[in-house]
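Visitor: I would like to learn how to read a protein model feature by feature. Could you show me the structure and take me through it?

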Amino acid sequence: MAWIKAQNLHLSLGGPALLDGVNFAIEAGDRVCLVGRNGVGKSTLLKVLARELPLDSGKILLQPGSQIRYLTQEIPTGLAGTVSDVVASGFAPLPRQSLEHPPSNTDWPPDPPSPETTLGWNPSVRLETILSRLNLESDKEFTTLSGGLKRRVLMARALVSNPEILLLDEPTNHLDITAIAGLEKMFADYTGCLVFVTHDRMFADKVATRIFELDRGRLTDWPGHYARYIELRELRLQTEAEQEALFDKKLQREEVWIRQGIKARRTRNMGRVRALEKLRETRRVRRERMGNVRLRLEEAEKSGKLVMEARNVSYQYDGVHYIKDFSTVIQRGDRIGIIGPNGCGKSTLLGLLLGRLTPLTGQIHLGTRLEVAYFDQLRATLDEEKSVADNVANGRQQVDFAGRSRHIIGYLEDFLFAPDRARMPVKALSGGERNRLLLARLFLQPANLLVMDEPTNDLDVETLELLEGVVGDYAGTLILVSHDRTFLNNVVTSTLVFEGQGKIEEYVGGYDDWLTQRPPAEETSKERLSEKKKKTGEKNRPRRKNIAEKKELAAIPGQIETLEKELATLHQTMADPAFYKNAQGQEVAEVQQKSQQLEHTLAETFQRWEALEAIPD
């Protein structure tokens with residue numbers, strides 16, 4: 001039985017139609033992930049379902065008596081009181097919205113009765129259960145919480161009345177990995193209708209049972225999990241491109257025929273002319289897929305081999321010990337991921353490593369020839385009142401990129417900012433657009449050390465995948481803070497993990513590798529043990545190479561060849577008696593030391609090659 005039915009929905013907000021004849025039905029138990037590029041109307045559709053936005057035409061039919069709860073992407077202003085107060089407000093019936101073209105009373109259910117009479121459980125017990133499952137402290141003041149904790153409180157408010165229909169817009173935004181994993185487990189048992197928008201690919205794959213793709217005003221229904229949708233989508237896009245190419249060829253032939261002029265008049269027939277007019281109209285109204293961001297990093301001269309070293313570093317603030325006795329060595333070409341709960345000190349660690357904060361104890365040593373490009377998760381580097389173009393070019397019309405001068409508008413078009421959008425103030429941008437703008441600024445900086453603090457927030461999947469590729473090809477050193485587990489798996493080669501009480505441990509590989517390597521003592525619940533068993537496999541299957549490791553493996557033969565050539569040259573020099581006759585003692589010692597270093601590096605490279613070859617593709 002369908003709980004939600006959408007019939008021929010049409011909606012335009014001043015531009016191309018966001019909803020152009022959309023139809024679908026959602027049944028109890030369906031967990032629908034709504035996907036599409038930034039700006040196609042995903043959040044708009046959720047607002048329509050939540051009765052916060054009127055349609056131009058069409059109907060939405062709901063089962064009588066059903067409750068709807070809607071989690072918006074933004075944290076609403078004006079909420080006050082304790083965490084318990086805010087969550088308990090989720091028991092109250094939603095107020096009716098004023099619609100310009102409201103459906104009939106039979107289409108929309110009345111506001112639900114009180115939970116005591118309809119839900120069959122005690123609200124106070126339900127409240128305590130939800131607070132416990134989301135690890136929330138009931139007596140904390142809502143206004144004092146971090147963005148991540150506020151999102152978690154609002155999630156609890158949406159869930160507390162156990163609604164039949166749950167609408168979630170980016171539920172994982174600003175949540176740490178532990179909180180996201182908890183949501184995945186919670187939604188696995190949800191029996192109502194769940195419709196959610198997310199750019200977290202692992203979350204979508206674990207939670208969704210159906211995928212709705214919104215593209216150029218049309219909605220396509222893909223049954224099954226997210227990974228299966230990705231496979232089928234690529235086949236569909238290939239078929240669509242082939243069909244459009246055939247259509248364009250036919251139109252071109254007919255245009256040549258119609259332009260033959262007087263010579264061809266005798267052979268013309270009005271049916272063919274009318275058919276050409278239809279072809280022209282079809283091509284005129286055809287909406288092209290949104291282009292992709294064209295990303296490329298501006299790389300600087302190589303840094304020294306040692307990028308940074310931390311020795312027994314500790315840091316505390318307001319009596320809280322965020323980092324305790326932390327030591328690490330980061331070398332040129334390392335790709336370091338940093339993960340941990342919200343508020344644990346990940347951004348603080350970046351500040352220490354970059355020399356922007358002074359440790360309480362210990363030392364930070366920075367390497368030579370460092371040129372740093374820093375992506376700020378708080379977007380504090382953007383001037384809200386200035387235009388998009390001025391935030392990148394500081395009033396100039398030209399920017400230097402990849403060794404040549406480019407007009408700022410043309411450069412911003414690579415990041416999907418149309419000319420009129422490039423001249424708008426930053427305060428008018430969406431979250432995804434702000435992140436793209438930061439990337440546009442960042443990639444103009446020549447850098448051999450790329451530091452990125454939550455770069456994936458609000459980016460659509462296509463841009464995320466492109467960013468993965470660009471960062472994966474980057475020859476410099478990368479330090480990355482992210483809660484996006486797929487991004488971590490595909491990009492980093494080692495991970496620093498905050499494990500509580502200021503302790504930071506280092507693991508080889510990305511997020512999945514950390515799950516398999518972390519000590520068994522940390523598996524404090526049956527759920528975590530089950531998760532680890534799922535990751536490792538019942539037969540203890542070896543993990544597969546991630547993208548970064550595949551690229552590293554492909555580069556090793558060339559590295560070995562270069563090392564062997566350098567070593568052969570040194571050996572040839574040292575085999576020449578004239579070298580010892582003419583060289584100074586210091587020079588002979590330096591050549592011998594360099595030869596030993598090359599032999600050691602070559603041996604390590606061969607060991608790394610064997611280790612990577614042993615990991616299945």
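**Burial and salt bridges**

Guide: Let us start with Asp-215, which counts as buried because its relative accessible area is 15% (buried is under 20%, exposed over 50%, partly exposed in between, with a 1.4 Å probe and protein chains only as cover). Its salt-bridge partner is Arg-216, with 2.7 Å between the closest N and O atoms (a salt bridge needs a side-chain nitrogen of Lys or Arg within 4 Å of a carboxyl oxygen of Asp or Glu). Arg-216 is buried too, at a relative accessible area of 16%. Elsewhere, Glu-184, Asp-200, Lys-206 and Arg-485 form one network through salt bridges that share partners.

Visitor: Before we go on, what should I know about the model itself?

Guide: The model is predicted, and residues are numbered from 1 along each chain as its sequence is written. Local features need pLDDT of at least 70 and side-chain atom pairs pLDDT 80 or more, totals for chains, interfaces and linings use all residues, and side-chain values use heavy atoms, without hydrogens and water.

Visitor: How many salt bridges does the structure hold?

Guide: There are 17. One of them joins the side chains of Asp-20 and Arg-218, at 3.7 Å from N to O. Asp-20 belongs to strand β2 (residues 19-27) and Arg-218 to strand β9 (residues 218-223), so this pair ties together parts that are 198 residues apart in sequence. Helices here are DSSP runs of H or I with at least four residues, strands are runs of E with at least two, and they are numbered from the N terminus. Asp-20 itself is partly exposed, because its relative accessibility is 25%.

Visitor: Which side chain meets that of Glu-468 in a salt bridge?

Guide: That of Arg-201, at 2.6 Å from N to O. This pair also links distant parts of the chain, for Glu-468 sits in helix α15 (residues 461-473) and Arg-201 in helix α7 (residues 201-207), 267 residues apart. Glu-468 counts as buried at 8% relative accessibility, and Arg-201 is buried with a relative accessible area of 8%.

Visitor: Let us turn to strands. How should I read the two faces of one?

Guide: In a regular strand, side chains alternate between the two faces of the sheet. Take β19 (residues 494-498): Ser-494, Leu-496 and Phe-498 point one way, Thr-495 and Val-497 the other way, and all are buried.

Visitor: Why is β19 largely enclosed by the rest of the structure?

Guide: Because five of its five residues are buried. As for neighbours, strand β12 (residues 335-339) runs parallel to β19 and is joined to it by four bridges (two strands pair if DSSP finds at least two bridges between them). Within that pairing, Ile-339 has Val-497 of β19 as its bridge partner. Strand β20 (residues 504-508) runs antiparallel to β19, with five bridges joining them. There, Thr-495 is bridged to Tyr-507 of β20. β19 and β20 make a hairpin with five residues between them, and Gly-500 in the turn has a positive phi of about 100 degrees.

Visitor: What about a positive phi outside glycine?

Guide: Most residues other than glycine have a negative phi. Here Arg-51 has a positive phi, near 65 degrees. Arg-51 is in the loop between α1 (42-49) and β4 (57-62), and it is buried, with a relative accessible area of 10%. The helix that Arg-51 follows, α1, is mostly covered, with six of its eight residues buried. Those six are Lys-42, Thr-44, Leu-45, Leu-46, Val-48 and Leu-49.

Visitor: Where is Glu-170 placed?

Guide: In the loop between β6 (165-169) and α6 (177-188). Its phi is positive as well, near 55 degrees, and it counts as buried because its relative accessibility is 3%.

Visitor: Is Asp-139 buried or exposed?

Guide: Exposed, because its relative accessibility is 59%. Asp-139 is in the loop between α4 (123-133) and α5 (147-159). For a case in between, look at Asp-390 in helix α11 (residues 388-393), which is partly exposed at 29% relative accessibility. Asp-390 also shows how sequence and space can be compared: it is 32 residues from Ala-422 in sequence, and 8.8 Å from it in space, C-alpha to C-alpha.
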